[in-house]
Amino acid sequence: MKKRRLFIYSLILMLIMPILSLSGKNTAQAAVVQPKYEMRAAWIATVQNIDMAKGMNKATYTTWARKTLDSLKSKGFNTVIFQVKPTGDALYPSVLAPWSSYITGKKQGTNPGYDPLKIMLDEAHSRGLELHAWVNPYRVTMASEKFTSLAENNVAKMHPEWVVKYRKQYYLNPGIPEVQGYLIQTVLELVSNYDIDAVHMDDYFYPYKIKNEVFADQNTFLKHGTKFSNINDWRRNNVNELVANLNEAIKNVKPWVQFGISPFGVWRNIANDPTGSKTKAGVQNYDDLYADTRQWIKDGSIDYITPQLYWSRSLSVANYTVLLNWWNQEVTTYATKHPVNLYIGLADYKVGTKDDNAWLKQLELPSQIIANRNQKTTQGQMHFSLSDINKNKLNYVTYITKNLYNYKALTPVTAWNNPIVPMQPMKVEAKNEKNGVKITIDHSLDNDARKFVIYRFENNNKVNYDSPISIVDVVYSNNGKATFVDLSAQLKKTYTYGIKSLSATGVESINATTVTVKR
């Protein structure tokens with residue numbers, strides 16, 4: 001039965017995701033042939049105000065959000081990963097966590113007077129961009145922050161017995177069942193109250209190990225780990241349980257909301273496991289962070305995985321190409337319950353640095369994108385992070401925009417969450433306006449579309465819905481209705497617009513509703 005389900009999912013994906021892969025390895029071809037479906041995401045880190053200034057009022061914040069999203073969209077991005085729970089706090093009104101100090105720059109719990117997540121979400125969707133809400137479950141403080149700086153309604157203050165201090169930071173203890181229950185409730189609050197497209201977790205599970213430091217959960221192990229012969233297996237099981245339970249909780253509320261994780265880039269070195277990667281990384285997910293990424297893929301408890309491959313293609317101890325190949329094989333081999341979308345985390349922050357000489361070359365990161373496209377399983381990438389994209393060192397982003405992201409791409413499909421193919425839009429109208437062609441879409445009597453994708457063809461062009469070249473834009477449905485103004489339509493030309501529906505899981509309608517207009 002399991003194999004049959006996998007076959008059905010695979011068949012659906014083959015029908016609705018005709019991916020155009022690169023046939024060669026040189027960068028010139030990338031400007032011509034691009035995938036129709038590709039994750040192109042930017043992480044927006046709010047912790048320690050990496051990508052977001054503190055102290056903005058509502059008007060200033062809204063202006064910043066709009067400019068940020070306009071800029072990303074103009075560069076060809078289609079998704080933002082917005083950090084909404086950096087350290088046991090929230091960038092939205094919550095009954096379970098205090099307001100983040102990273103918004104106001106004041107004491108944790110200070111109300112900024114507006115909802116940063118709602119503004120970012122509304123502005124992202126108004127531009128056809130997905131928003132994945134990024135949460136850090138266990139972390140309570142950063143190293144520079146004191147426990148006394150926490151708000152009185154922070155769960156760590158209310159339940160100090162749930163907290164472990166490790167060197168200079170505080171963490172919720174993953175081995176306490178009540179901690180897991182609390183973390184699930186915080187995500188349920190988020191998913192229930194906001195129309196997000198995904199919940200996203202990064203690489204922080206058990207903390208990165210510090211030499212000669214012990215994570216003090218031995219008493220917790222004695223109390224709750226009686227079924228396990230050693231503490232390491234118990235720790236891995238704690239994380240596995242949280243991942244599986246979070247996914248189940250999310251799907252019980254909104255089955256289409258994705259759950260994705262971006263772990264550290266190495267599962268295990270081959271020296272520790274013959275099925276591990278040919279690397280000599282100083283950190284391993286399985287052994288050090290107790291994050292068994294393979295198990296999540298096997299369990300089908302995630303919709304996507306984005307290993308952080310923050311190394312160059314010439315680094316010997318952790319080579320990008322070696323790891324890219326390994327992760328493709330990993331997902332291909334172990335995603336047996338349902339497909340798991342594989343994206344790659346890219347180190348934009350290293351471009352132009354002397355981390356190794358490869359990063360001093362403009363084409364190192366663009367070439368990694370091309371390598372991703374040459375892999376059958378990889379379906380895109382996420383860039384860390386916004387501020388580095390904006391810096392555009394060596395003009396690498398300019399190169400990507402002009403050569404790799406110059407055609408729009410749809411975000412990859414998650415048909416296993418709901419494979420139903422939506423109906424084409426019921427009614428589409430087009431009319432000339434001063435600045436362009438206004439497209440009005442009405443699908444309200446059969447509201448099965450979350451988005452609409454707009455294709456445009458000139459009269460002498462062949463109609464081809466499998467190519468990204470003809471995609472003008474993506475717009476979110478508002479109760480089955482949407483409008484779009486094509487500002488790029490040229491005078492004295494005749495255009496045919498084909499509009500297709502996209503379901504909440506990205507499945508595209510088989511047919512398009514068309515309308516022709518002379519500009």
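Let me begin with a term: a residue is called buried when its relative accessible area is under 20%, exposed when that area is over 50%, and partly exposed in between, with a 1.4 Å probe and only the protein chains taken into account. By that criterion, buried residues make up 60% of the 519 residues in the protein.

Before going further, I should say that this is a predicted model, in which local features need pLDDT of at least 70 and side-chain atom pairs count only at pLDDT 80 or more, while totals for chains, interfaces and linings use all residues. Residues are numbered from 1 along each chain as its sequence is written, and side-chain values use heavy atoms, with hydrogens and water left out.

Let me start with the overall picture. The protein has 15 helices and 17 strands, where helices (H or I, at least four residues) and strands (E, at least two) are DSSP runs numbered from the N terminus. Its radius of gyration, taken over C-alpha atoms, is 23 Å, close to the 24 Å from the globule rule (2.2 Å times the number of residues to the power 0.38), so the protein is as compact as a globular protein of that length. Along the principal axes, the C-alpha atoms fill a box of roughly 75 × 50 × 50 Å. The accessible surface, from the Shrake-Rupley method with a 1.4 Å probe, comes to about 21800 Å², and 52% of it belongs to carbon and sulfur atoms. Contact here means heavy atoms within 4.5 Å, and among contacts between residues at least 6 apart in sequence, 72% join residues at least 24 apart.

Now to the barrel. In what order do the strands of the barrel run? There are 8 strands, closing in the order β1-β2-β3-β6-β7-β8-β9-β10, and the pairing is parallel; two strands count as paired if DSSP finds at least two bridges between them. As general background, strands of a sheet pair through backbone hydrogen bonds, either parallel or antiparallel.

Going around, 4 bridges join β1 to β2, with A41 opposite T79 in β2. Strand β2, residues 79–85, then pairs with β3, residues 130–135, over 6 bridges in the parallel sense, and V80 has L131 as its bridge partner there. The cover on β2 is worth pointing out, since 7 of its 7 residues are buried.

Further along, β6 (residues 198–201) is joined to β7 by 4 bridges, again parallel, and M201 has I261 as its partner in β7. On its other pairing, β7 meets β8, residues 304–305, over 2 bridges, where G260 stands opposite Y304. Which residues of β7 are buried on each face? Q258 and G260 lie on one side and F259 and I261 on the other, and all are buried.

Outside the strands themselves, helix α13 (residues 364–374) lies across β1, β9 and β10, running at about 155° to β10; such angles run from 0 to 180 degrees between N-to-C directions, with axes being lines fitted to C-alpha atoms, for helices over the stretch in contact.

There is also a second arrangement of strands, an open sheet of 3 in the order β11-β12-β15, with antiparallel pairing. Its edge strands are β11 (427–432) and β15 (481–486), each of which pairs on one side only, and the twist averages 15° from one strand to the next. Strand β12, residues 437–442, pairs with β15 over 6 bridges, and T440 stands opposite T483.

Turning to the interior, a nonpolar core is a set of buried Ala, Val, Leu, Ile, Met, Phe, Trp, Tyr and Cys residues joined through side-chain atoms within 4.5 Å. The largest such core has 122 residues, and Y61 and L131 have the most contacts inside it. Leaving aside residues up to four places away in sequence, Y61 touches several others, among them M52, F82, Y114 and M120. A second, separate core has 17 residues, including A449, I454, V515 and V517.

I will finish with two loop residues. Is T414, in the loop between α15 (396–403) and β11, buried or exposed? T414 has 0% relative accessibility and therefore counts as buried, and, leaving aside residues up to four places away in sequence, T414 touches Q258, N341 and T505. P35, in the loop between α2 (27–30) and β1 (39–44), has 5% relative accessibility and is likewise counted as buried.
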